[in-house]
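Open the viewer and keep the selection panel at hand. This tour says what to select next and what is there.

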Amino acid sequence: MSAPVVHFRGVTKSYDGRSLAVAPLDLAVAEGEFLTLLGPSGSGKTTTLMMLAGFEAPSSGEILLEGRVVNRVPPHRRGLGVVFQNYALFPHMSVAENLSFPLEMRRIPRAERAERIARALATVRMEGFADRRPAQLSGGQQQRVALARALIFSPRLVLMDEPLGALDRQLREELQQEIKALHARLGVTILYVTHDQGEALALSDRIAVFRAGRIEQLGTPRELYDRPASAFVAGFLGENNLIPVEVLGAEGAFRRCRLPDGGTILVPGCRPPGPALLVLRPERILPGAEGPNRLSATVLGATFLGDQTRLSVALGPATLAVKLPHGAAGHGLARGERIALCFPPEAAALLPPEGGG
Amino acid sequence: MRRGGIAAFLLVLPLLLLLVLSFALPVGRMLWTAVADPELSDTLPDTAAVLRAWNGEGLPPEEAFAHLARELGAALADRRLGPLAQRLNFEQPGLRALLLRTARAAGELREAPRERLIALDPRWGEAELWRLLRSAAGPVTALYLLRAVDLRLGPAGGIEAVAEEEAIYRTLFLRTLWIAALVTALCVVLAYPVAAALAALPQRLAAWGLVLVLVPFWTSVLVRTTAWFVLLQREGPLNAAAIALGLIEHPLQLIGTRFAVVAAMVHVLLPFAILPAYAVMRRLDPALPRAAASLGAGAVARFFRVHLPLSFPGVAAGGAMVFLLAVGYYITPALVGGPRDQMVASFIAFFLSQTPNWGMAAALSLLLLAMTGAAALAARALLPGFGRRE
Amino acid sequence: MTARLLLGLAAAGVLLFLLAPILAILPLSLSAGEILRLPPEGWSLRWYAALLSSERWLLAARNSLVVAGATTLLAGVLGTLAALGLHFGRLPGRGAILALLAAPVVTPSIVTAAALFLAYSAAGLAGTLFGLVLAHTVISVPFVVLAVLASLRGFDPALLRAAESLGAPPAAAFRRVVLPLIAPGVAAGAVFAFATSFDEFILTLFLAGPGQFTLPRQIYAAVRDVWDPTVCAAAVLLFLASMLLLLASEALRRRGGGIG
């Protein structure tokens, strides 16, 4: 693996000198990687990005860009492309002038500027809009121009701060695909900030989940989804059932656990006997009674969602969400009916109990 | 952040200097002039020193007479006597002549100054005059402020009313307040329908209507007052129209009347009442009167229970602005008013240029400033947000 | 419906009261006779001819332009700088500075005139053009600061960050991004400052030298001291000049400048 493009070493940020907006942060971003900082608002992800861009100074620690400490380098000398939350296109300049701006700052000759602007507009499929003002463009078009502007001077690293936050869902998904394609084509390193877990899963090579100024977990989307390291991550990425259980003992590589309704199941993991938290994705619960993990639940309600039906079922005192794919058995159930459910052992995981270590 | 703070301060500094040097300090200095009493101690320093040490009973010690005679003579020779003569004569008419006569005779007063001074003018033998001089020895005096409300320091030391024929300032302040209040009331009443009608128009039409208000607003005050001066002439268009309509038989004298002052001032200040009222009414949610109607409110109830309370901040802000401007008005009363329509500002101007008396000019300014300040504070207390710029 | 009609009629009446006196001067200025009546006895341009050949009036116009021009420049520069400092810096005592700025606007002109008259007499500034420009700047500059602050409030700070992230050093970012965006506000403030100085009378009356007549002072003298019908022609021309300023101000407001 090549040397990291970005390296945070023990970086902290405090605005008031007491509480930390970013707790000591250590993070390395590899060349060509698409790394997403994911977390709820106020979790420190945007502050982290702004420190890297140079708009905020770290309170302590070092930020390295390609091996060089940049703590005291002003933003305009860092050479990073930044895509801002609300695009930050210059309203008094046309699209072409916006794209020309970074090239002029780098004293690139006029002829080359024109050529690169044309190329950049083609890249984001915005040919023919060169003379428009930003106010004359739709949100999606503005976003494309903002992308083109951040990429036109060929930065090796592009920072994106909630770039799709202001767009409606359909447009957002369309642009996600474009950003992903651009990343693949240009090989540029992207550091992306979002609070939208779906976006993070769809785009990223790796995701760093932020919570209260700390990285809660860092890994590939699949790792985070399947093997969350904490209840927070388990709940933040996708829908999850978090059920308090009692670990009774080991059975080979599995632990036998007692469910809230008294039934027992087998789950992989290495929790010691005692209370624990069972993590179980709703889409991994199936109708039927196969394998060692069988549940006998009572239907509380069913919602038809088109591609799936979402059931809410009671398992003793606990409530579980179950997603049944369209056409699967178990539809048309009424409130109060009993239903037999099961899940393969590897679909579940054990976490420390809430409040405990 | 630190460096940003210093840079920001350096950006503001030039303006700050201008405002402090060319506004705040001059105003402060002028307010000090309203109570400062430097003339006697500047012109007759030794006499002032002796008088300050004197207990005020009977006549002052012999040396006061000696210093007085000597210093008066010297001041006359150097032509420095004017300010003191004016200062004392303002407090007690006749003292200018006494000072001049004494100063001219200073050469003959070296020997036995006390007897010869009293022989020159028996007033030098009166304790009352000496006490007046003692009170003028500074450094501060209430003379001007008291006079600005028709009071004076009596010879016995107490505060008393000035003679009836000199009592003009209370009337002046009451007249100023009355004219300002009348103009404010008329402006508010006239502004309301204009603002309401404009606010009811669609945005595009209202913008054109607003231009009709902005035209007089931007037109020079002098131009507008001149227009009234011409309109109100005895042979002028207003009289001619009234005669043509059969309202009057003979032209009326309009220039120099209270009517002329009020009409012209309302005309000049009306846009200040319309613009804030319109701004507030424009922002009113049109759904609110509809909601009131759906709840059973008739037109009268909608106006008094919904429209008026909601538009009040704008109307009151406009009224406050008109009052603040009207209370210090100068041009309009000076051009179309008569002697009985002059306001405080005219007297300040009078004491600045025609009969220089900076103490009185400053005292009247201080009271005028206090009046506007009180009005501004009242407006701020009544209207949260008044004075806060949008 | 009748209520709306009454409201409209009342508004129209008040607007007529506002406009008629000003518009009445126009025919009067074109009168052929000395006596001002409507309609005039005959039409002529004699008062305009008298105006344009009068050295007094031309000098007054020149003085007004010089003072208002210098005031606009000084107030424009000082006001814009201060507004930038007030907006971008976190200054202690910001409220006090804004209050000091508002004070000359709410202080009666005659009080300001008296204070400056005393101070200038002591400082040797009385009767100087420089002193007059300083005084006019004090009462005009708040409008510049307000207009520039208003346009800065609409300024998205992310644009500055964007400029820097694209490689612009702070000075270039200011010149290329901040300045063009607040230009309408600066211009609107400057227009208002010019109009304020151009109209100013009381400060000028007390602070200008005996020969320094501005247009308002000349009109005042022509109305009050010796009635001179030329004043109608002057008033019409001054009115037209004010309308130019109004047009400029409205045009700037539509471009996002302006006060309020």
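The stops below run from chain confidence to the contacts between chains, and then to single residues.

**Stop 1: confidence in chain B**

This is a predicted model. Select chain B and colour by pLDDT. The chain averages 87, and 96% of its residues score at least 70. Which helix of chain B has the highest mean pLDDT among its elements? Select residues 169-200: this is helix α10 of chain B, with a mean of 94. Then select helix α15 of chain B, residues 287-294, where the mean is the lowest among the elements, at 82. Move on to residues 386-390 of chain B. Here pLDDT stays under 50. For this stretch the model has 10 contacts beyond four places in sequence.

**Stop 2: the build of chain C**

Hide the rest and show chain C as a cartoon. How many helices and how many strands does chain C have? There are 11 helices and zero strands. Walking along the sequence, you meet one α after another: α-α-α-α-α-α-α-α-α-α-α. Switch to the C-alpha trace. Along its principal axes, the trace of chain C spans about 70 × 65 × 35 Å. Chain C has 260 residues, and 55% of them are buried. Now consider the contacts in chain C with a separation of 6 or more. Residues 24 or more positions apart account for 72% of these.

**Stop 3: where chain C meets chain B**

Bring chain B back. Two pairs of chains are in contact, and chains B and C share the most contacts. Select the contact residues: 81 come from chain C and 73 from chain B. Together the two chains bury about 6800 Å², with 84% of that area on carbon and sulfur atoms. Pick out F17(C), L18(C) and L118(C). On the chain C side, these three lose the most area to chain B, together 9% of what that side buries.

Next, select helix α1 of chain C, residues 2-29. This helix gives the largest share of the side that touches chain B, 14 residues. Colour that side of chain C by class. It holds 65 nonpolar, eight polar and eight charged residues. How many salt bridges are there between chain C and chain B? The count is zero. Polar contacts do occur: four residue pairs, both partners at pLDDT 80 or more.

**Stop 4: where chain A meets chain C**

Show chain A beside chain C. The contact takes 21 residues from chain A and 17 from chain C. The pair buries about 1700 Å², 68% of it on carbon and sulfur atoms. Turn on side chains. Two salt bridges cross this interface. One joins E104(A) and R176(C), at 2.8 Å from N to O. Four residue pairs are in polar contact as well, both at pLDDT 80 or more.

Select helix α2 of chain A, residues 95-105. It supplies the largest share of the side of chain A that touches chain C, four residues. By class, that side has 15 nonpolar, two polar and four charged residues.

Now show chain A with chain B. These two do not touch, and their nearest C-alpha atoms are 10 Å apart.

**Stop 5: three residues to zoom in on**

Start with T80(C), in helix α3 of chain C, residues 55-88. Buried or exposed? T80(C) counts as buried because its relative accessibility is 10%, under the 20% cut-off. Its side chain reaches the backbone oxygen of G76(C) at 2.6 Å. Beyond four places in sequence, T80(C) is in contact with A75(C), V144(C), V148(C), I182(C) and V186(C).

Go next to S242(C), in helix α11 of chain C, residues 230-254. S242(C) has a relative accessible area of 4%, so it is buried. Which residues does S242(C) contact, leaving aside neighbours within four places in sequence? They are W218(B), T219(B) and S220(B). Draw a C-alpha distance from S242(C) to L81(C). It reads 27 Å, for two residues 161 apart in sequence.

Finish at A3(A), in the segment before β1 (6-13) of chain A. A3(A) is exposed, with a relative accessible area of 60%. Add E31(A) to the selection. The C-alpha atoms of A3(A) and E31(A) are 7.5 Å apart, and the residues lie 28 apart along the chain.

Technical notes. Residues numbered from 1 in each chain as written. Chains lettered and ligands numbered in written order. Heavy atoms only, no water. Contact = heavy atoms within 4.5 Å. Buried area = accessible area lost by both parts, 1.4 Å probe. Salt bridge = Lys/Arg side-chain N within 4 Å of Asp/Glu carboxyl O. Polar contact = N/O pair within 3.5 Å; in protein donor to acceptor, adjacent residues only side chain to side chain. Helix = DSSP H or I, 4+ residues; strand = E, 2+ residues; numbered from the N terminus. Nonpolar A, V, L, I, M, F, W, Y, C, P; charged D, E, K, R; others polar. Buried < 20%, exposed > 50% of the residue type's maximum accessible area, 1.4 Å probe, protein only. pLDDT = per-residue confidence, 0-100.
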